Amino acid sequence: MTSTDSSTTTLRQATPKRPLILIAEDEAPLTTLLRYNLEKEGYRALEARDGDEALMLANEDTPDLVILDWMLPRVSGIEVCRRLRGRVETRNVPIIMLTARGEETDRVRGLDTGADDYITKPFSMTELLARIRAVMRRIRPAFAEDVVAFGDVTIDRTAHRVKRGNKDIHLGPTEYRLLDHFMQHPGRVFSREQLLDAVWGSGVYVDARTVDVHIGRLRKALNEPGQPDPIRTVRSAGYALDESFRN
Ligand code: CA
């Protein structure tokens with residue numbers, strides 16, 4: 001785990017981007033409880049106390065999932081849901097509706113509006129977290145799993161261990177976070193700036209070429225001579241985990 005590059009030592013605190021969950025709920029004690037449990041599970045949480053604030057926050061930073069109370073002040077949960085579905089950026093963001101009402105018609109209306117799931121208050125935190133995990137498994141499969149494989153590369157997040165075939169791969173912290181980020185979004189092309197933001201953290205100044213240096217180290221650690229390279233360089237765009245490597 002040694003590194004001679006100053007960027008990895010000075011940026012040791014940087015962590016990969018955890019999924020962002022927007023909590024839109026006007027009952028403060030419930031919001032506090034939700035935030036506590038979500039953060040404990042490794043998510044980042046944003047709080048909105050009314051519908052207007054929920055829409056504003058979702059507009060500023062697209063969440064990965066929204067927990068949306070049905071009965072919200074100013075703009076109702078159901079209206080927030082409609083408006084989120086109406087915007088390109090938030091159209092596909094999963095929404096779990098919280099409702100105090102038990103009526104079947106309301107539940108159906110909730111799902112008609114575009115909510116992915118609903119849960120009736122009072123609910124158990126265990127149940128809600130299980131529903132969230134189920135949604136996250138669907139939208140970001142690699143986040144919810146401890147062990148993720150892509151081709152013959154596996155990453156074990158609990159043990160912080162990477163293997164290629166049966167061979168242990170030793171990565172520096174930055175190379176590990178890079179690989180973890182790619183494994184969460186196989187096939188997706190990331191620019192150097194996006195990788196800096198996701199792996200080094202936003203608001204940190206590091207030269208974009210630093211990314212190339214760490215990609216080089218990651219490749220060197222992963223690939224024996226003659227082995228196919230799972231990392232694809234996309235000319236003038238950035239890097240991606242090569243989809244053809246999967247098979
Ligand atoms: Ca409410």
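Here are three worked exercises on this predicted model.

**Exercise 1. Find which residues coordinate the calcium ion, and where the two aspartates sit.**

Step 1. List the donors. The calcium ion is coordinated by Asp26 (OD), Asp69 (OD) and Met71 (O), at 2.1 to 2.3 Å.
Step 2. Write the spacing. Along the chain it reads D-x42-D-x1-M.
Step 3. Place the aspartates. Aspartate 26 is in the loop between strand 1 and helix 2, and aspartate 69 is in strand 3. They are 43 residues apart, so the pair links distant parts of the chain.
Step 4. Check exposure. Buried means under 20% relative accessible area. Aspartate 69 has 2%, so this residue counts as buried. Aspartate 26, at 33%, counts as partly exposed.

**Exercise 2. Describe the two faces of helix 2.**

Step 1. Take the length. Helix 2 has 13 residues and reaches 18 Å from first to last C-alpha, close to the 18 Å expected.
Step 2. Pick out the buried residues: Leu30, Thr31, Leu34, Asn37 and Leu38. They cover an arc of only 135 degrees around the axis, so they lie on the same side of helix 2.
Step 3. See what covers them. The cover includes strands 1, 2, 3 and 4, and helix 6.
Step 4. Turn to the face away from the buried side. There, Pro29, Thr32, Tyr36 and Lys40 are exposed.

**Exercise 3. Classify the aromatic pair of phenylalanine 150 and phenylalanine 245.**

Step 1. Read the geometry. The centres are 6.1 Å apart, with 20 degrees between the planes.
Step 2. Apply the cut-off. Planes under 30 degrees apart count as stacked, so this pair is stacked.
Step 3. Locate the rings. Phenylalanine 150 lies in strand 6 and phenylalanine 245 in the segment after strand 11, so the pair ties together parts 95 residues apart in sequence.
Step 4. Check burial. Both are buried.

Key
Residues numbered from 1 in each chain as written. Predicted model: local features only at pLDDT ≥ 70, side-chain atom pairs only at ≥ 80, totals over all residues. Heavy atoms only, no water. Phe/Tyr/Trp six-rings, centres within 6.5 Å; stacked < 30°, edge-to-face > 60°. Helix = DSSP H or I, 4+ residues; strand = E, 2+ residues; numbered from the N terminus. Buried < 20%, exposed > 50% of the residue type's maximum accessible area, 1.4 Å probe, protein only. Donors = N, O, S within 2.8 Å, 3.2 Å for Na, K, Ca; no water. Expected span 1.5 Å × (residues − 1). Arc of directions from axis to C-beta. Contact = heavy atoms within 4.5 Å.
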